Amino acid sequence: MDSILVKGNGPLNGAIPIAGAKNACLALMPATLLSEEPLTLTNAPRLSDIRTMTSLLQSLGAEVSSLQDGKVITMSSHGVLNPTADYDIVRKMRASNLVLGPLLARLGHAVVSLPGGCAIGARPMDIHIDALAALGAEIDLRDGYLHAKTQGGLTGAVHEMRFASVGATENFVMAATLAKGTSVLSNAAREPEIVDLVHCLRRMGAEIEGEGTPTITIQGVTALRGATHPVVTDRIELGTYMLAPAICGGEVECLGGRIDLLAAFCEKLDAAGISVTETERGLKVARRNGRVRAVDVVTEPFPGFPTDLQAQMMALLCTAEGTSVLEERIFENRFMHAPELMRMGARIEVHGGHATVTGVERLRGAPVMATDLRASVSLILAGLAAEGETVVSRVYHLDRGYERVEEKLSACGAKIERIKGGA
Ligand code: EPZ
């Protein structure tokens, strides 16, 4: 298993290109199952999760090819499809459950393995099941698999979700595109990745309104056509790299960055004393002077502060002036990075969904372990500002959601390298 060695090396200066969004691409790829014609995604990120989704789609009978070193992905599912998403693939990546809605809509039945446990929370699928059941699907759980079927296809319906789940919104919207009649989803998730999915579905001929608002209306159509769609910028990768100069000092321009994708996050950076300015190429981030100011953070569904930036924000607040309180409201177990940051000298107290961080002058390098995707990169950010060396192990977590981290950070002056193999 690879690990990453980071040495604190002072301020960062330079530019970092931001890739296409993992969480958009993982919803866009299953959309190919809705049409017999090819779907091409451009600006796709090169990540292990995208390769896992590729294997899943291929196991369902789709053809997937890529160009430009993986930045362009073309998929086609015109042949006979296999309705079963196997546990062996699904257990590697929860987002595999995003094939359920499209398979149901296309075939009228589907068998999708339940993903099983996850480090950051229980993550059940009850909201997905209720939403698809509203469209007429009969779903039961047998031998760890969701068996879903319809009597003569899906039928449009009005449905309110008990929580604005991202994945359940995506499954419902994709399924409803081919349902008979009109569907209205209320308390829908509003994330930019959902907006991007709807834009792609519209290119494929779907009739949808209200994306980005709590109410999405879908007029079912009989068939969808092929399309080419550019994947939206990855706002979580963007936020992560915006925190690098915030933690180390210096000035970094994030190419392709957009403030509208991260307004709540940018407000917190401003309150902490970090300047964010829009440029022609993206966003420029600089730490004005002196220490970062402590700020309180509460994670919420979009447009609130993203839970996927909570760990990285905690790394910043470890050396802030004063005490910050972070409240994690989305996942019940998403502070696993805290004990690792404490190994680096951070002062953090965790009580349930609250973490109190009392800023220290400086962190010290130490061997630490990644526990999940966002935790892994928060440890790298902390290592960039720490005294001495930090070795982050189990970075396979990192490769799921960040492409070429070492290259992107060392281009701005960071001392960072990958150590191949080892424990
Ligand atoms: C998406 O996960 C993202 N993943 C997550 O990013 C992100 O953290 C999350 O949305 C919230 O923003 C992808 O898009 C692939 P949810 P998803 O359904 O769709 C509970 C990352 O780091 N819930 O909105 O799984 C659930 O347990 C990943 O890139 C139910 O109880 O998130 C959680 O507590 C991590 N029942 C909350 O809702 C359900 O049926 C939010 O989950 C569904 C969800």
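Here are three short exercises on a predicted model, each with a worked solution.

**Exercise 1. Which residues come nearest to the ligand, and which helix gives the largest share of the shell around it?**

Solution.
- Start with the neighbours: there are 22 residues around the ligand, and Asp126, Ile127, Ser165, Asp308 and Ile330 come nearest.
- Sort the shell by type, and you get ten nonpolar, five polar and seven charged residues.
- Now look at the helices. Helix 1 (22–28), helix 5 (126–134), helix 6 (166–176) and helix 12 (373–385) each put in at least two shell residues.
- Helix 5 takes the largest share, with three residues.

**Exercise 2. Find what lies 2.7 Å from a nitrogen atom of the ligand, then look at its oxygen atoms.**

Solution.
- The nitrogen has a side-chain N or O atom of Asp126 at 2.7 Å.
- Turn to the oxygens: a polar side-chain atom of Asn23 is 3.1 Å from one ligand oxygen atom.
- Ile330 uses its backbone instead, with an N or O atom 2.6 Å from an oxygen atom of the ligand.
- As for cover, the ligand alone exposes 830 Å², and the protein buries 87% of that.

**Exercise 3. How many aromatic pairs are there, and what is tied together?**

Solution.
- Rings pair if their centres lie within 6.5 Å, and the count comes to one pair.
- That's Phe265 with Phe305, at 5.8 Å centre to centre and 55° between the planes, so the pair is tilted rather than edge-to-face, which needs over 60 degrees.
- Phe265 belongs to helix 9 (263–271) and Phe305 to the loop between strand 18 (297–298) and helix 10 (310–317), so the pair ties together parts 40 residues apart in sequence.
- Check the burial: Phe265 and Phe305 are both buried.

Notes
Residues are numbered from 1 along each chain as its sequence is written. This is a predicted model: local features need pLDDT of at least 70, side-chain atom pairs count only at pLDDT 80 or more; totals for chains, interfaces and linings use all residues. Side-chain values use heavy atoms; hydrogens and water are left out. Rings of Phe, Tyr and Trp (its six-membered ring) pair if their centres lie within 6.5 Å; planes under 30 degrees apart count as stacked, over 60 as edge-to-face and the rest as tilted. Helices (H or I, at least four residues) and strands (E, at least two) are DSSP runs, numbered from the N terminus. Buried means under 20% relative accessible area, exposed over 50%, partly exposed in between (1.4 Å probe, protein chains only). A residue is near a molecule or strand if one of its heavy atoms lies within 4 Å of it. A polar contact is a pair of N or O atoms within 3.5 Å; within protein, one must be able to donate a hydrogen and the other to accept it, and residues adjacent in sequence count only if both atoms are side-chain atoms. Accessible areas come from the Shrake-Rupley method with a 1.4 Å probe; for residues, only the protein chains shown count as cover. Ala, Val, Leu, Ile, Met, Phe, Trp, Tyr, Cys and Pro count as nonpolar, Asp, Glu, Lys and Arg as charged, and the others, Gly among them, as polar.
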